Amino acid sequence: MSAQELHIISTGKQHMEQFVEIASEIQDDVDFFHLREKQMNASELYRAVTLLQDQKIPLSKLIINDRADVAWTKQAFGVHLAFRSLDAAVVRRAFPGLGVGCSVHSMEEAKVACRQGADYAMYGHIFETDSKRGLSPKGVEELQAITSNVSLPIIAIGGITPLNCQSVLEAGVRGIAVMSGILEAKNPMEAVKEYSKSLGKVR
């Protein structure tokens, strides 16, 4: 089986300089970095992308949450849209060539993202996670139902660890997304290597 993608999503809790430092250390094992910084305005996000560029992190690995304008201006890989963001079809028309991803939480939302021309959908949370405390996880069975019925690459998120990663991959996903499991690990480099092995990136 070919290696699957590893997406790293910023936590919104770390200082950007800390995130950039970790990102620069682990980038060889990461396919995409998502800037998910809801507290930042457009100019702050622009500066954050510049910091990542300064550390030689390719723009082709950067995805900006919600702010298509920043992603377009910086020529990043793409934008990731949440429930309250613009529709994928609107962004696709306004910013041709920009990669477009969508957060989805059901089969119907995944089908809508597909119809609107999204490049991928991020689905979760798959397992219990502190960031979604009190909310029931979606589970692997629902994940597999979506990958089997929607012709759109699916990135799984939520409580995924190197130990439970295999069951997620067997559900037919394009890859997984991780936040605290790597960014808040005592040793992010060691953590990313463990995920890489689980994804088939490291033999």
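Where does Lys56 lie? Lys56 sits in the loop between H2 and strand E3 (62-65), and Lys56 is a good place to start a tour of this predicted model. The tour then takes in salt bridges, cysteines, a helix pair, a cis peptide bond and a glycine contact. Residue names and element labels should let you follow along in the viewer.

**Backbone points to look at**

- Lys56 has a positive phi of about 65°, although Lys56 is not a glycine.
- The Lys56 residue counts as exposed because its relative accessibility is 68%, and the cut-off for exposed is over 50%.
- Asp66 also has a positive phi, near 75°, in a residue other than glycine.
- You will find Asp66 in the loop between E3 and helix H3 (68-74).
- With 42% relative accessibility, Asp66 counts as partly exposed.
- Gly124 and His125 are joined by a cis peptide bond, with omega at about 0°.
- His125 belongs to the loop between E6 and helix H6 (139-149).

**Salt bridges**

- How many salt bridges are there? The count comes to eight salt bridges, and three of the pairs are described here.
- Side chains of opposite charge can pair when their charged atoms come close.
- One of the pairs is Lys193 with Asp29, whose closest N and O atoms are 3.0 Å apart. This pair links distant parts of the chain, with Lys193 in helix H9 (residues 188-198) and Asp29 in the loop between helix H1 (16-26) and strand E2 (32-35), 164 residues apart.
- Are the two partners buried or exposed? Lys193 is partly exposed at 34% relative accessibility, whereas Asp29 counts as buried at 10%. The value for Asp29 falls under the 20% cut-off, so Asp29 is classed as buried.
- Arg92 and Asp119 form another salt bridge through their side chains, at 2.9 Å from N to O. Here too the pair links distant parts of the chain: Arg92 is in helix H4 (residues 88-94), and Asp119 is in the loop between helix H5 (107-115) and strand E6 (120-124), 27 residues apart.
- Arg92 counts as partly exposed at 25% relative accessibility, and Asp119 is partly exposed with a relative accessible area of 34%.
- Glu194 pairs with Lys197 in a salt bridge, the closest N and O atoms being 3.8 Å apart. Because Glu194 and Lys197 are three residues apart in helix H9, about one helical turn separates them.
- Glu194 is partly exposed with a relative accessible area of 36%, and Lys197 is partly exposed with 48%.

**Cysteines**

- A disulfide is a covalent bond between the sulfur atoms of two cysteines.
- How many disulfides does the model hold? The count comes to zero disulfides. For Cys114, the nearest cysteine sulfur is that of Cys102, 10 Å away, and Cys114 is in no disulfide. The cut-off is 2.5 Å between sulfur atoms, so a separation of 10 Å leaves Cys114 unpaired.
- Cys114 is partly exposed, with a relative accessible area of 24%.
- Cys165 counts as buried, at 0% relative accessibility.

**How H1 meets H2**

- The axes of H1 and helix H2 (residues 42-54) come within 9 Å and cross at roughly 35°.
- The crossing in which H1 passes H2 is right-handed.
- Which residues make the contact? From H1, Met16, Glu17, Phe19, Val20 and Ala23 meet Ala48, Leu51 and Leu52 in H2. The residues of this contact divide into seven nonpolar, no polar and one charged.

**Around Gly139**

- Gly139 lies in helix H6.
- Leaving aside residues up to four places away in sequence, Gly139 touches His125 and Ile126. His125 is also the residue joined to Gly124 by the cis peptide bond.
- Gly139 and Gly158 are 19 residues apart in sequence, and their C-alpha atoms are 9.7 Å apart in space.

Definitions and conventions
Residues are numbered from 1 along each chain as its sequence is written. This is a predicted model: local features need pLDDT of at least 70, side-chain atom pairs count only at pLDDT 80 or more; totals for chains, interfaces and linings use all residues. Side-chain values use heavy atoms; hydrogens and water are left out. A salt bridge is a side-chain nitrogen of Lys or Arg within 4 Å of a carboxyl oxygen of Asp or Glu. Helices (H or I, at least four residues) and strands (E, at least two) are DSSP runs, numbered from the N terminus. Buried means under 20% relative accessible area, exposed over 50%, partly exposed in between (1.4 Å probe, protein chains only). Axes are lines fitted to C-alpha atoms, for helices over the stretch in contact, and angles run from 0 to 180 degrees between N-to-C directions. A crossing is left-handed if the near helix is turned anticlockwise from the far one by less than a right angle, and right-handed if clockwise. Contact means heavy atoms within 4.5 Å. Ala, Val, Leu, Ile, Met, Phe, Trp, Tyr, Cys and Pro count as nonpolar, Asp, Glu, Lys and Arg as charged, and the others, Gly among them, as polar.
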